[in-house]
Amino acid sequence: PPWLSCSMSTRTTLFLAAIASLASASSAFVLPTSSPSTTAAAPLRASRKQIEAIKEKANAENSIMETTFKGGIGSNADEEAAKIAAKIRSVKDLGWTAPAKRRGSTRPRHRAYGGSGELPIQLKANYDETAENCVEKWLTQEEFNSLTRTSGPAADTVFVALAKGAAYAERDYCEKLLAEWRPDGRTFDEAKFLASVKKGRAELIAGWAFITSLNAFFASSIVFPTNPLAKALENFIGSIQGQL
């Protein structure tokens, strides 16, 4: 997208302006009150149409979560996953057989922020493996499953350790992890592996929790536009914009 080519300060301004626009737009949903001299103010409540729209959105999100990568959470597959990880001795087992290339400036996006729909770097336009300054490719989950001949929760558990919350794993981080899993260079340390799984799952959960909370907040701002949090956010963003 065009905004990705902007500077960090420009991205920040655009992001804040977008949130401010959403928060300000919510005031359009304030229900009119009658004159104090004739009738008491009408109680603030969401319309049936607004409630149904929020229910539909929630159902859609639940459906997405059912098919979303979970990193083996709740599967009790850690023991089987450890056996898979123990067979990975170097990044060559993960498809990186050539000498290491430089690390690019682009990082794989978190799954909650569109990472699952993003193409791996090697499938993006202008990627040329023969170029002198070509960046290192990313490991996809499909390639990982194929190389390790595994699938299911156990494979997902290993992959979440390698990729954390992102949809793809990077060579330099995988090399670092594999070295941690074999502190002496030979013996696989299951405790170290499980620690990396825990870290990867925590990052995966944190990303989804943030985006879900953000969606819930804006939904509540539409239904209840006068809630203190929405007004506080609007004022806070306005003060920041005034300083930019």
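Biologist: What phi does lysine 164 take, just after α5?

Modeller: In this predicted model, lysine 164 has a positive phi of about 60°, and its place is just after α5. Most residues other than glycine have a negative phi.

Biologist: Which other residues have a positive phi although they are not glycine?

Modeller: Asparagine 76 is one of them, with a positive phi of about 55°. Asparagine 126 is another, at about 70°.

Biologist: Where do I find those two asparagines?

Modeller: Look in the loops. Asparagine 76 is in the loop between α2 (48–66) and α3, while asparagine 126 is in the loop between α3 and β1 (138–139).

Biologist: And is asparagine 76 buried or exposed? What about asparagine 126?

Modeller: Asparagine 76 has a relative accessibility of 77%, so it counts as exposed. Asparagine 126 is exposed too, at 81%.

Biologist: Back to lysine 164 for a second. How far is its C-alpha atom from that of lysine 198?

Modeller: The two C-alpha atoms are separated by 9.2 Å, with the lysines 34 residues apart along the chain. Lysine 198 sits in helix α7, which covers residues 190–223.

Biologist: Why does lysine 198 count as exposed?

Modeller: Its relative accessibility is 64%, so lysine 198 counts as exposed. The cut-off for that is over 50%.

Biologist: Now α5 itself. How many of its residues are buried?

Modeller: 10 of its 11 residues are buried, so to speak of α5 as mostly covered is fair. Among them are Asp156, Thr157, Phe159 and Leu162.

Biologist: What angle does α5 make with α3?

Modeller: Two packed helices are described by the angle between their axes and the distance between the axes. Here α3 (residues 78–86) and α5 (residues 153–163) pack at about 65°, and their axes are 8 Å apart. The crossing of α3 past α5 is right-handed.

Biologist: Which residues meet there?

Modeller: From α3 there are Asp78, Glu80, Ala81, Ile84 and Ala85, and from α5 there are Ala154, Ala155, Thr157 and Val158. By class, this contact has six nonpolar residues, one polar and two charged.

Biologist: Changing topic: where is glutamine 141?

Modeller: Glutamine 141 is in helix α4, which runs over residues 141–148.

Biologist: Why is glutamine 141 called buried?

Modeller: Its relative accessible area is 15%, so glutamine 141 is buried. The cut-off there is under 20%.

Biologist: Which residues does glutamine 141 touch?

Modeller: Leaving out residues up to four places away in sequence, glutamine 141 touches Phe69, Arg111, Asp156 and Phe159. With aspartate 156 there is also a polar contact of 2.7 Å between the side chains. Asp156 belongs to the buried residues of α5, as does Phe159.

Biologist: And how far is the C-alpha atom of glutamine 141 from that of valine 160?

Modeller: They are separated by 9.5 Å, and the two residues are 19 apart along the chain.

Biologist: What comes between α4 and α5?

Modeller: There is a loop, and threonine 150 is in it. At 17% relative accessibility, threonine 150 counts as buried. Its side chain makes a polar contact of 2.7 Å with the side chain of threonine 148.

Biologist: What does threonine 150 touch further along the chain?

Modeller: Not counting residues up to four places away, threonine 150 touches Ile84, Phe144, Asn145 and Ala155. Ile84 and Ala155 also take part in the meeting of α3 with α5.

Biologist: Let's zoom out. How many helices and strands are there?

Modeller: The protein has eight helices and two strands. Their order from the N terminus is α-α-α-β-α-α-β-α-α-α. Of the 244 residues, 34% are buried.

Biologist: What share of the contacts join residues at least 24 apart?

Modeller: It is 69%, among contacts between residues at least 6 apart in sequence.

Biologist: What is the mean pLDDT of the protein?

Modeller: The mean is 76, and 59% of the residues reach 70 or more.

Biologist: Where does pLDDT stay under 50?

Modeller: One stretch is residues 25–46, for which the model has 20 contacts beyond four places in sequence. Another is residues 60–66, with three such contacts. Where pLDDT is low, the predicted coordinates should not be read in detail.

Methods. Residues are numbered from 1 along each chain as its sequence is written. This is a predicted model: local features need pLDDT of at least 70, side-chain atom pairs count only at pLDDT 80 or more; totals for chains, interfaces and linings use all residues. Side-chain values use heavy atoms; hydrogens and water are left out. Helices (H or I, at least four residues) and strands (E, at least two) are DSSP runs, numbered from the N terminus. Buried means under 20% relative accessible area, exposed over 50%, partly exposed in between (1.4 Å probe, protein chains only). A polar contact is a pair of N or O atoms within 3.5 Å; within protein, one must be able to donate a hydrogen and the other to accept it, and residues adjacent in sequence count only if both atoms are side-chain atoms. Contact means heavy atoms within 4.5 Å. Axes are lines fitted to C-alpha atoms, for helices over the stretch in contact, and angles run from 0 to 180 degrees between N-to-C directions. A crossing is left-handed if the near helix is turned anticlockwise from the far one by less than a right angle, and right-handed if clockwise. Ala, Val, Leu, Ile, Met, Phe, Trp, Tyr, Cys and Pro count as nonpolar, Asp, Glu, Lys and Arg as charged, and the others, Gly among them, as polar. pLDDT is the predictor's confidence in each residue, from 0 to 100.
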